[in-house]
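Work through the exercises below with the model open in a viewer. Each task is followed by a solution in steps.

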Amino acid sequence: MSTSGPNPPGKPQVRSLNCPGCGAALTLRSLSQAVTVVCDHCHSILDAQDPRLTILQKFTAAVDEDPPLIPLGTRGKIRGTDYEAVGFQRRTIHVDGIPYSWHEYVLFNPYKGFRYLTEYNGHWNDTSILRSLPTVNNDVSPATVSYLGETYKHFQTAKAGTSFVLGEFPWQVRVGESSDVSDYVSPPRVISSERTGKEVTWSMGEYISGRDIWKAFGLQGEPPERIGVYENQPSPLSAETTAIWVAFGGFMVVLFVMMILFWSFARSEQVVEGNYANRMVHKISRRGKGFSVLAGDTEYQTEFIIFAAPTFLASYLVEGMAPLHDFEYSPWLTANLTLEQFPDSYGTDPTWDNVFMESPTLGYVDATHQSVRSHVERTVWTFYWALADGLPSENRQLLLNKDWNYWKEAILHDLERVHHDIRKCVSRIDIMRMGHAMARPKVGAIFSAERRNLAKAHGRILFANSDLSGFSIFEEAQYRGVNAADRVLSQVARAQGPTH
Ligand SMILES: Cc1cc2nc3c(=O)[nH]c(=O)nc-3n(C[C@H](O)[C@H](O)[C@H](O)COP(=O)(O)OP(=O)(O)OC[C@H]3O[C@@H](n4cnc5c(N)ncnc54)[C@H](O)[C@@H]3O)c2cc1C
């Protein structure tokens with residue numbers, strides 16, 4: 001925040017009125033500038049430009065009341081100018097059916113007009129309406145806008161609805177109205193366009209810490225804790241990037257010199273022999289009748305390979321093997337929720353597998369549901385979500401793009417259908433993203449020649465993952481593994497000839 005700009009008169013100017021709906025006293029702080037004002041008693045939205053204060057809309061907020069963190073009427077200094085919080089609204093977007101809400105505060109100064117503060121999960125932006133239009137470039141991916149010599153990259157577009165309002169607004173606000181909002185970012189700034197019908201409003205937000213706002217408005221207590229990383233949040237490391245790269249470069253040089261020394265002095269000999277688990281194989285190539293298997297920095301020689309990893313990986317690992325086309329996998333997300341106490345449940349007792357009706361998820365497993373302990377202090381539920389609707393590649397991208405905070409919200413929102421107080425009970429959520437979690441039997445998979453050839457292969461490389469059965473269950477995994485081992489043993493027995 002800077003300290004330039006004129007200051008308004010020390011005393012706030014207000015006009016007192018009465019709500020025509022319920023008679024309650026109303027305060028008009030932005031005077032003739034307000035277009036609508038909301039009665040916080042009966043939730044009537046009133047025409048502030050009309051001396052009779054005509055009721056434009058009434059909305060129900062009894063169960064949806066959302067008190068502003070900056071109480072209306074509070075004054076604070078932003079960039080050297082005093083502003084008064086005069087309005088507050090909650091806006092909501094739905095992504096994959098899940099609502100995400102943020103808050104917008106309308107600030108007013110009689111000389112400077114309106115300015116806005118937005119808050120989402122403890123991330124704040126100081127926002128003003130742009131006075132000139134930015135240049136949009138939709139011919140690049142992602143699309144960009146340019147403004148005052150700076151380029152902003154498209155981050156997201158969503159339909160934002162207004163779900164709660166309080167105080168005064170310099171426009172015709174309505175609960176339930178929606179507009180298309182697009183964000184373009186260049187941290188610490190974000191440029192947003194907001195389209196309602198044919199009208200487009202452009203604004204620019206600058207990331208600001210909750211602490212600065214608390215200080216500016218003299219608010220009690222602490223600002224809400226930041227959750228996750230926000231779209232235009234500047235990286236705390238950006239200033240140190242050069243130093244990090246220099247240190248990294250130095251480290252790589254030392255590592256390279258050490259490697260050369262090791263290679264020069266190392267003897268060429270077999271180092272290990274036996275059964276070595278937990279090593280990632282990164283290359284399998286033919287060597288005479290057998291194979292060379294590279295795992296970590298070790299090369300193994302084998303006569304047979306039982307390839308029990310997911311079959312689609314084979315073309316990445318087995319030298320010369322063509323990519324496979326008939327294997328399709330759904331991405332999954334699992335999460336362990338640590339609960340400090342049991343949440344309330346709507347008419348259900350704990351069970352092993354808890355699947356909610358009409359939920360896109362598979363619910364959760366409570367492994368202690370049969371415990372005879374009379375008191376459980378802490379427990380862990382495992383939540384399952386198969387992203388099975390739509391294209392696997394798009395779902396994998398979604399799984400990758402969205403951060404912990406997004407998935408945390410989605411999970412808790414789903415659980416709230418049955419456990420309304422779940423947020424109070426959860427102390428930790430560990431999320432695992434699995435890009436190729438389970439094979440899915442797409443049409444034709446069972447009769448696919450590719451799948452059947454790999455399943456019955458009789459050479460020295462045998463395939464044994466459960467996905468060869470078209471879908472993933474433990475029984476198929478066990479069957480395929482035993483079957484492949486039997487085929488290897490019979491080949492070995494045949495090669496050795498009769499033993500008696
Ligand atoms: C979230 C989830 C829940 C499930 N729930 C159930 C259930 O309730 N009931 C049921 O029957 N089935 C369930 N399944 C399916 C079941 O887990 C699988 O069918 C089964 O594990 C498949 O066994 P597999 O041995 O064929 O393959 P995997 O279990 O996939 O084993 C393959 C192994 O290969 C390893 N590997 C991969 N690449 C390499 C490499 N380059 N080098 C070395 N090792 C490598 C992997 O680390 C893995 O250990 C579930 C699966 C998921 C993902």
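The exercises go from the whole chain to single residues, then to sheets and the ligand shell.

The model is predicted.

**Exercise 1. Overall content**

Task: State how many helices and strands the protein has, what share of its residues is buried, and what share of contacts is between residues far apart in sequence.

Solution.
1. The secondary structure comprises eight helices and 26 strands.
2. Of the 500 residues in the protein, 22% are buried.
3. Take the contacts with a separation of 6 or more; residues 24 or more positions apart make up 57% of them.

**Exercise 2. Burial of two residues with positive phi**

Task: For His43 and Glu358, give the location and phi, then decide whether each is buried or exposed.

Solution.
1. His43 sits in the loop that links β3 (36–38) and β4 (44–47). Its phi is near 55 degrees, which is positive although the residue is not glycine.
2. Counting C-beta atoms within 10 Å of that of His43 gives 22 others. The threshold for buried is 20 or more, so His43 is buried.
3. Glu358 belongs to the loop between β22 (353–354) and β23 (364–366). Phi is near 60 degrees for Glu358, again a positive value in a residue other than glycine.
4. Glu358 has 5 C-beta neighbours inside 10 Å. A residue with 12 or fewer is exposed, and therefore Glu358 counts as exposed.

**Exercise 3. Surroundings of Asn121**

Task: Locate Asn121, classify its exposure and list its contacts beyond four places in sequence.

Solution.
1. The loop between β9 (113–120) and β10 (123–129) holds Asn121.
2. Within 10 Å there are 16 other C-beta atoms. This count falls between the limits of 12 and 20, so Asn121 is partly exposed.
3. Leaving out residues up to four places away in sequence, Asn121 touches Arg226, Ile227, Gly228 and Asn405.
4. For the pair Asn121 and Arg226, the sequence separation is 105 residues, while the C-alpha to C-alpha distance is 5.8 Å.

**Exercise 4. Cis peptide bonds**

Task: For the peptide bonds Ser141 to Pro142 and Pro187 to Pro188, report omega and place the second residue of each.

Solution.
1. Omega is about -5 degrees for the bond joining Ser141 and Pro142, a cis peptide bond. Pro142 is in the loop between β11 (135–137) and β12 (144–147).
2. The bond from Pro187 to Pro188 is also cis, with omega near 10 degrees. Pro188 is in the loop between β14 (178–186) and β15 (189–196).

**Exercise 5. The three-stranded sheet**

Task: Give the strand order of the open sheet of three strands and identify its edges.

Solution.
1. The order is β17-β18-β19, and the pairing is antiparallel.
2. β17 (281–287) and β19 (298–302) each pair on one side only, which makes these the edge strands.
3. On average, and with direction ignored, neighbouring strands of this sheet are turned by 20 degrees against each other.
4. Strand β18 (residues 290–295) is joined to the antiparallel β19 by five bridges. Phe291 has Thr302 in β19 as its bridge partner.

**Exercise 6. The five-stranded sheet and its helices**

Task: Which strands form the open sheet of five strands, and which helix packs on the sheet?

Solution.
1. The order is β22-β23-β24-β21-β25, with antiparallel pairing.
2. The edges are β22 and β25, each of which pairs on one side only. Helix α4 (residues 392–401) packs on the sheet and touches β21 and β25, and its direction makes about 30 degrees with that of β21.
3. Helix α5 (residues 404–415) lies across β21, β24 (379–386) and β25; relative to β25 it runs at about 100 degrees.
4. At the β22 edge, two bridges join β22 to the antiparallel β23. Asp353 stands opposite Val365 in β23.

**Exercise 7. The ligand shell**

Task: Describe the shell around the ligand by residue type, element and domain.

Solution.
1. There are 19 residues around the ligand, of which Ala309, Ser466, Ser472, Ile473 and Ala477 come nearest.
2. By type, the shell has 15 nonpolar residues, four polar and no charged.
3. By element, β21 (329–339), β25 (426–439) and α8 (474–496) each contribute at least two residues. β25 gives the most, with three residues.
4. By domain, at least three residues come from each of domain 2 (281–327 + 442–496) and domain 3 (329–439).

Conventions. Residues are numbered from 1 along each chain as its sequence is written. This is a predicted model: local features need pLDDT of at least 70, side-chain atom pairs count only at pLDDT 80 or more; totals for chains, interfaces and linings use all residues. A residue is near a molecule or strand if its C-beta atom, placed from the backbone, lies within 6 Å of it. Ala, Val, Leu, Ile, Met, Phe, Trp, Tyr, Cys and Pro count as nonpolar, Asp, Glu, Lys and Arg as charged, and the others, Gly among them, as polar. Domain bounds come from an automatic or database domain assignment. Two strands pair if DSSP finds at least two bridges between them. Axes are lines fitted to C-alpha atoms, for helices over the stretch in contact, and angles run from 0 to 180 degrees between N-to-C directions. Two residues are in contact if their C-beta atoms, placed from the backbone, lie within 7 Å.
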